[in-house]
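Here are some short exercises to work through with the model open beside you. Try each one yourself before you read the solution.

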Amino acid sequence: MDVLFVNPGNAKKIYQDLADDYSAIETPTWSLLLAQSCRSVGYSVGILDVNAERLSDEQATERVKELNPRLVCFVVYGQNPNSGTVNMSGTVKLAKALKQSGFESPISVVGSHVQALPVQTMEQEQDIDFIFMNEGVYSLWNVLKLDDLGDAEKLKNVKGLGIRLNGKVHMTAPEKIVPGNRMDIDLPGYAWDLLPYKDKPLDMYRAHFWHAEYDHDKRTPFAAIYTSLGCPFKCSFCMINMINRNDNEPIGIAPSYSKMRFWSPEFIIKEFDKLVEMGVKTLRISDEMFLLNKRYYVPLCKLLKERGYGEILSMWAYSRVDTIRDPENLKLLKEAGIKWLGIGIESADPRVRLEVTKGKFENVDIRDVIEKVHNAGLGVIANYLFGLTGDNMESMQKTLELSLELNTIAWNGYAVMALPGSKVYRDAILAGYELPSDYVGYSFHSYETKPLPTEHLTPAQILKFRDEAWLKYHTHPPFLQMIEEKHGKKIRQNIEDMTKIKLKRKILGD
């Protein structure tokens, strides 16, 4: 085997007690994309999903040694913005175990954290032999051409790498990302057949709890898929555009690389066809901005509708509150099988929203937008952030009160973190803020979570408010009554059972 793509795992530390029954287990999107890409140019590939199989380091080490690849490539992404950093925790543990076992093939990493902090990562993590910048497609192909993947003198001629040369970290010349007109060719879909348990490979994966209408029995089989990559916006708290990086700065800033690329609707519909054939019913469209470019999402939705997938699939997709304007397109979304929209409301305070999105966030009537979505028969997964620049107790309380008023089917609220790759991270470094001491500390749900302070609030105040807000929303009588009316008493009880799980937080003295 030329290359084994490894999706790391450390769910218990990342999600605490939510890991057992409540956190989603997503298909390893970028492992699947990179595996198919390398396979398309003649390389033999494999995928080891440590997270989905819940493998220990010892078990994963034995599996890697049995497969004996020329190259191990940890793919450290995730559908949540913090996942690239958080999942480094499982990566470095397993990389160390592999080295200690005597495994000799090079160990590499591709992912948002190493793109954000390439030099720091190579200096700190001695068990990682080299890293790939941006998405790594062309760099991977060129590395695999080499006869000796551990020869730094040969690796230094491959673009898009971070290596060690004569004992020092060396960044090779930047490599390009896959251009828009090559997406269908150089990133030609997903290697679904490489997932574990080939008879029913997607039964190992489970949807978010709310995605399955809070019904555990509806969570599998599940898959996640991109129809586009990147985002044109420059939100200061987000690092999603690290995937587009094309320079060698020691600290990468995602807003510097804001752009979008698309697969053609005619190409990507074939991936939906494969998933339906494999029995998938719950499906996440992971695009950062699915409802942005009508040239792509409208033809795709029409193809989904023509195939009758609106009656088969339960899908959700992302949008910003200021990109939803056309009720007719909302109707098309529902007919295509998209039943929920994840909408980034972020804050009830327009002043705060404008601050964190560099003036790009149109001051729309949020209540009117949510009403339009609900009137179209779609549910809303509302996303809120607490501890944004300019936030104080009053503004956070307004955000909570707005969320209670909107009463959406799902509520995601997070304390703002200085995620490596975000502008907020660089600003926090310059300001001298104390950041998490390890990778797990960047998890929104971990014991070690450490959000940023604001001018008015401490990290502990923000986290305490967020956790109490989560509980208040999910025990709010109008919310529970809505759930019971739509889905029955059993589903209401499922939510009430979920609220009994309390996350422990170090900075709150737990």
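**Exercise 1: a strand on the inside**

All 6 of the 6 residues of strand 3 are buried, so this strand is largely enclosed by the rest of the structure. Before going on, a few ground rules. The model is predicted, so local features need pLDDT of at least 70 and side-chain atom pairs count only at pLDDT 80 or more, while totals for chains, interfaces and linings use all residues. Residues are numbered from 1 along each chain as its sequence is written, and side-chain values use heavy atoms, with hydrogens and water left out.

Task: work out which residues cover each face of strand 3, and which strands pair with strand 3.

Solution.
- Step 1, the terms. Buried means under 20% relative accessible area, exposed over 50%, and partly exposed in between (1.4 Å probe, protein chains only). Helices (H or I, at least four residues) and strands (E, at least two) are DSSP runs, numbered from the N terminus.
- Step 2, the idea. Side chains in a regular strand alternate between the two faces of the sheet.
- Step 3, the faces. Leu71, Cys73 and Val75 sit on one side, with Val72, Phe74 and Val76 on the other, and all are buried.
- Step 4, the neighbours. Two strands pair if DSSP finds at least two bridges between them. Strand 1 runs parallel to strand 3, with 4 bridges, and here Val6 has Phe74 as its bridge partner. Strand 4 (residues 107-111) is also parallel to strand 3, joined by 5 bridges; Cys73 has Ser108 as its bridge partner there.

**Exercise 2: two sides of a helix**

Task: find which residues of helix 5 (residues 57-67) are buried, and say why they line one face.

Solution.
- Step 1. The buried residues of helix 5 are Asp57, Ala60, Thr61 and Val64.
- Step 2. Looking down the axis of helix 5, its buried residues fall within an arc of 105° (taken from the directions from the helix axis to the C-beta atoms), so they line one face.
- Step 3. Turn to the face pointing away from the buried side, and you meet the exposed Glu58 and Glu66.
- Step 4. Contact means heavy atoms within 4.5 Å. The buried residues pack against strand 1 (3-7), strand 2 (45-49), helix 4 (50-53), strand 3 (71-76) and helix 7 (88-100).
- Step 5. Just past helix 5, Asn68 has a positive phi of about 50°.

**Exercise 3: odd backbone spots**

Task: where is Pro221, and where are Asn134 and Asn407?

Solution.
- Step 1. Pro221 is in the loop between helix 12 (183-186) and strand 8 (222-225). The peptide bond from Thr220 to Pro221 is cis, with omega near -10°.
- Step 2. Asn134 lies in the loop between strand 5 (130-132) and helix 10 (137-144). Its phi is near 40°, positive in a residue other than glycine, and Asn134 is buried at a relative accessible area of 2%.
- Step 3. Asn407 belongs to the loop between helix 18 (393-406) and strand 15 (410-415). Though not a glycine, Asn407 has a positive phi of about 50°, and it is buried, with a relative accessible area of 16%.
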